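Student: I should like a close look at the central sheet of this model and at what packs around it. Please give one connected account.

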Amino acid sequence: MRLIRAKDYDELSAIAARVIGAQVTLKPNCVLGLATGSSPEGTYKELIAAYNRGELDFSQVRTVNLDEYVGLEPTHDQSYAYFMRDRFFDHVNIDLKNTNVPDGMNPDPAAECARYDALIQSMGGIDLQLLGIGPNGHIGFNEPGDTFSLGTQQIKLTQSTLEANKRFFASIDDVPTHARTMGIRDIMQARRILLVASGENKAQAVKGLLTGAISPQMPCTILQYHPDCIVVADEAALSAL
């Protein structure tokens with residue numbers, strides 16, 4: 001695991017964008033695993049800026065997103081499908097047919113999860129997976145539990161995750177209670193992982209990620225086993241170390 005210390009969120013975002021940009025340049029038809037939430041927003045802005053400068057071409061890139069809320073239409077402004085179009089896809093020359101997000105509306109959770117796993121495999125796996133990290137150590141929506149998950153699964157969100165996400169909704173009662181998330185196996189099979197962490201509220205999770213015992217009670221710790229994992233964290237996120 002390689003740690004890159006950034007001064008602040010802006011520097012973190014610029015570093016992460018350079019790592020992703022290098023992947024796209026070296027392999028124009030690469031498969032990117034993408035994340036949502038506040039952590040990668042700055043990275044997407046930096047990638048858009050690089051595209052506008054003529055430095056990057058996303059026309060052959062294929063993407064698979066980590067997760068999606070259950071019960072939100074792709075057009076809902078808090079769905080992750082909407083997030084990706086609004087924050088990234090609509091601003092670069094990516095083919096939307098090459099972008100993929102779990103279907104939160106499929107009434108058959110098992111069928112949807114199996115479909116998403118098969119999709120990832122059909123693409124040859126993920127070249128670079130972008131991750132954020134939850135205050136409780138979750139990656140994707142793989143919440144703390146008794147075992148590490150394998151493939152894509154539908155999970156019940158923990159109360160701490162609901163509390164963390166309620167700022168995006170009118171009230172906590174509007175936050176979906178379930179999500180469909182790429183599993184730990186699919187994440188760990190990515191050829192490279194790039195995790196970004198910003199802010200003091202992530203400090204304990206980052207400390208666990210870098211120094212804690214490997215345990216499904218803090219899912220991020222499994223990344224210690226990955227052969228090519230880059231962690232980019234700002235000073236606030238590293239403050240517990």
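Tutor: The account below begins with the sheet and then turns to its surroundings.

The model is predicted, so local features are given only at pLDDT of at least 70 and side-chain atom pairs only at pLDDT 80 or more, whereas totals for chains, interfaces and linings use all residues. Residues are numbered from 1 along each chain as its sequence is written, and side-chain values use heavy atoms, with hydrogens and water left out.

The sheet is open and has 7 strands in the order 1-10-9-6-2-3-5, with parallel pairing. Strands (E, at least two residues) and helices (H or I, at least four) are DSSP runs, numbered from the N terminus; two strands pair if DSSP finds at least two bridges between them. Strand 1 (2–6) and strand 5 (99–100) stand at the edges with a single partner strand each, so one side of each has no neighbour in the sheet.

Strand 10 pairs in the parallel sense with strand 1 over 5 bridges, and the pairing of strand 9 (residues 192–197) with strand 10 is likewise parallel, over 5 bridges. Ile 230 of strand 10 has Arg 2 opposite it, and Leu 194 also stands opposite Ile 230. In strand 10, 6 of its 6 residues are buried, where buried means under 20% relative accessible area, exposed over 50% and partly exposed in between, with a 1.4 Å probe and protein chains only. Cys 229, Val 231 and Ala 233 point one way from this strand, while Ile 230, Val 232 and Asp 234 point the other way.

Helix 1 packs on the sheet and touches strand 1, strand 2, strand 6 (128–131), strand 9 and strand 10; contact means heavy atoms within 4.5 Å. The direction of helix 1 makes about 165° with that of strand 9, the axes being lines fitted to C-alpha atoms, for helices over the stretch in contact, with angles from 0 to 180 degrees between N-to-C directions.

Within strand 3 lies Val 64, which is buried with a relative accessible area of 1%. The C-alpha atoms of Val 64 and Gly 33 are 4.9 Å apart, although 31 residues separate the two along the chain. Leaving out residues up to four places away in sequence, Val 64 touches residues including Leu 32, Gly 33, Asn 100, Tyr 116 and Met 182.

Val 64 also belongs to the largest nonpolar core, of 61 residues, where Val 64, Phe 58, Phe 88, Ile 139, Leu 194, Leu 195 and Leu 223 have the most contacts. Such a core is a set of buried Ala, Val, Leu, Ile, Met, Phe, Trp, Tyr and Cys residues joined through side-chain atoms within 4.5 Å. Helix 1 (residues 9–26) supplies the largest share of this core, 7 residues. A second, separate core of 10 residues includes Tyr 69, Leu 72, Tyr 80 and Phe 141.

Tyr 80 leads to helix 3 (residues 80–87), whose buried residues are Tyr 80, Ala 81, Phe 83 and Met 84. They cover an arc of only 160° around the axis, which puts them on the same side of helix 3; the arc is that of the directions from the helix axis to the C-beta atoms. These buried residues pack against strand 2 (31–34), helix 2 (41–52), strand 3 (62–65), strand 4 (67–69) and helix 5 (159–165).
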